[in-house]
Amino acid sequence: MRKNIVAGNWKMNKNLQEGVALATALNEALKDKKVNCDVIIGTPFIHLASVVNVVDKNKIGVAAQNCADKVSGAYTGEVSAEMVASTGAGYVILGHSERRAYYHETAEILKEKVLLALANGLTPIFCIGEVLAEREANKHFDVVKSQIETSLFDLTAEDFGKIVLAYEPVWAIGTGKTATAAQAQEMHAFIRRTLAAKYGQEVADNTSILYGGSANASNAKELFSNPDVDGGLIGGASLGVDKFMPIIEAF
Ligand code: PEP
């Protein structure tokens with residue numbers, strides 16, 4: 001059955017020392033706790049190897065926030081999926097709306113990134129979600145369906161089974177404006193139906209679908225209580241143990 005997951009996305013926050021300190025503190029907070037979800041932290045590239053070294057891998061998974069769409073070579077400034085995997089990180093966040101909007105990552109580019117992540121044994125946490133104008137025009141279901149189809153639906157059922165999805169309505173990210181629990185459930189159920197139509201009910205039922213967008217300690221319980229919401233991708237509230245732990249404990 002699918003896993004419950006709470007994943008932090010630190011974005012471009014915390015220098016190396018601060019990041020290692022945060023990971024160490026989270027590791028400490030989780031040490032003697034039994035929690036009902038997998039915990040992942042998505043750090044900047046340069047933190048990965050150091051963070052992997054200070055966390056108990058049975059308690060905390062480590063994710064990159066991106067990887068290159070090329071295997072290797074003359075791509076100055078890029079970091080390959082193989083490099084990410086070589087740090088000991090097990091996950092990579094792909095298709096985040098900030099990458100799509102600011103770095104022009106297209107469905108085709110993301111498709112390549114997903115394939116390279118999988119080829120290197122990384123679990124992609126693949127983000128999808130509509131902007132406000134699309135929701136207001138009642139196009140949010142079509143947009144999300146198309147994002148999934150164009151980047152993921154060439155995968156075999158076996159490979160698709162390795163993907164974690166994160167529904168992140170763009171209008172809710174970093175805005176303090178969370179989707180209601182009903183809006184999240186409605187979209188997550190739609191996503192699961194879309195997966196079932198393509199890969200069958202078993203694959204759909206086994207896929208973890210996280211919600212992201214201003215999730216925090218006060219709304220996590222309500223969001224996570226929905227049958228199709230399997231956890232959260234957490235930005236701002238993952239930057240402190242005091243804010244992140246209550247979200248983990250909402251399960
Ligand atoms: C995110 O960046 O994935 C995110 C959900 O951010 P926030 O929680 O800050 O809205």
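How much of the accessible surface of the protein chain belongs to carbon and sulfur atoms? In this predicted model, the share is 52%, out of an accessible surface of about 11,200 Å². That gives a first look at the outside of the chain; the rest of the overall picture comes from its fold, its dimensions and its charges.

Starting with the fold, the chain's secondary structure adds up to 12 helices and 8 strands. Its radius of gyration is 17 Å, close to the 18 Å that the globule rule gives for 251 residues, so the chain is as compact as a globular protein of that length. Drawn along the principal axes, a box of roughly 45 × 45 × 35 Å is filled by the C-alpha atoms. Of the 251 residues, 52% count as buried. Contacts also link distant parts of the sequence: taking those with a separation of 6 or more, 72% are between residues 24 or more positions apart. As for charge, there are 24 positive and 29 negative side chains, and the centres of these two sets sit 2 Å apart.

Zooming in, Lys113 makes a good place to begin. This lysine belongs to helix α5, which covers residues 107–119. Is Lys113 buried or exposed? Its relative accessible area is just 3%, and under 20% counts as buried, so Lys113 is buried. The side chain of Lys113 has polar partners there: one polar contact, at 2.8 Å, goes to the side chain of Asn66, and the backbone oxygen of Cys67 is reached at 3.0 Å. With neighbours within four places in sequence set aside, Lys113 also touches Ala68, Asp69, Leu94 and Glu105, along with Asn66 and Cys67 themselves.

Now for the other end of that side-chain pair. Asn66 sits in the loop that runs between β3 (60–64) and α3 (81–86). With a relative accessible area of 8%, Asn66 falls under the 20% cut-off and is therefore buried. Its contacts, again leaving out neighbours within four places in sequence, include Phe45, Val84, Val92, Ile93 and Arg99. Leu94 and Glu105 are on the list for Asn66, and both turn up on the list for Lys113 too.

Gly236 offers another kind of setting. This glycine is found in the loop between β8 (231–234) and α12 (241–248). Its relative accessible area is 49%, which makes Gly236 partly exposed. Where does Gly236 lie relative to Gly176? The two glycines are 60 residues apart in sequence, and from C-alpha to C-alpha they are 9.7 Å apart in space.

Definitions and conventions. Residues are numbered from 1 along each chain as its sequence is written. This is a predicted model: local features need pLDDT of at least 70, side-chain atom pairs count only at pLDDT 80 or more; totals for chains, interfaces and linings use all residues. Side-chain values use heavy atoms; hydrogens and water are left out. Helices (H or I, at least four residues) and strands (E, at least two) are DSSP runs, numbered from the N terminus. The radius of gyration is taken over C-alpha atoms; the globule rule is 2.2 Å times the number of residues to the power 0.38. Buried means under 20% relative accessible area, exposed over 50%, partly exposed in between (1.4 Å probe, protein chains only). Contact means heavy atoms within 4.5 Å. Accessible areas come from the Shrake-Rupley method with a 1.4 Å probe; for residues, only the protein chains shown count as cover. Lys and Arg count as positive and Asp and Glu as negative; His and the chain ends are not counted. The place of a charge is taken as NZ of Lys, CZ of Arg, CG of Asp or CD of Glu. A polar contact is a pair of N or O atoms within 3.5 Å; within protein, one must be able to donate a hydrogen and the other to accept it, and residues adjacent in sequence count only if both atoms are side-chain atoms.
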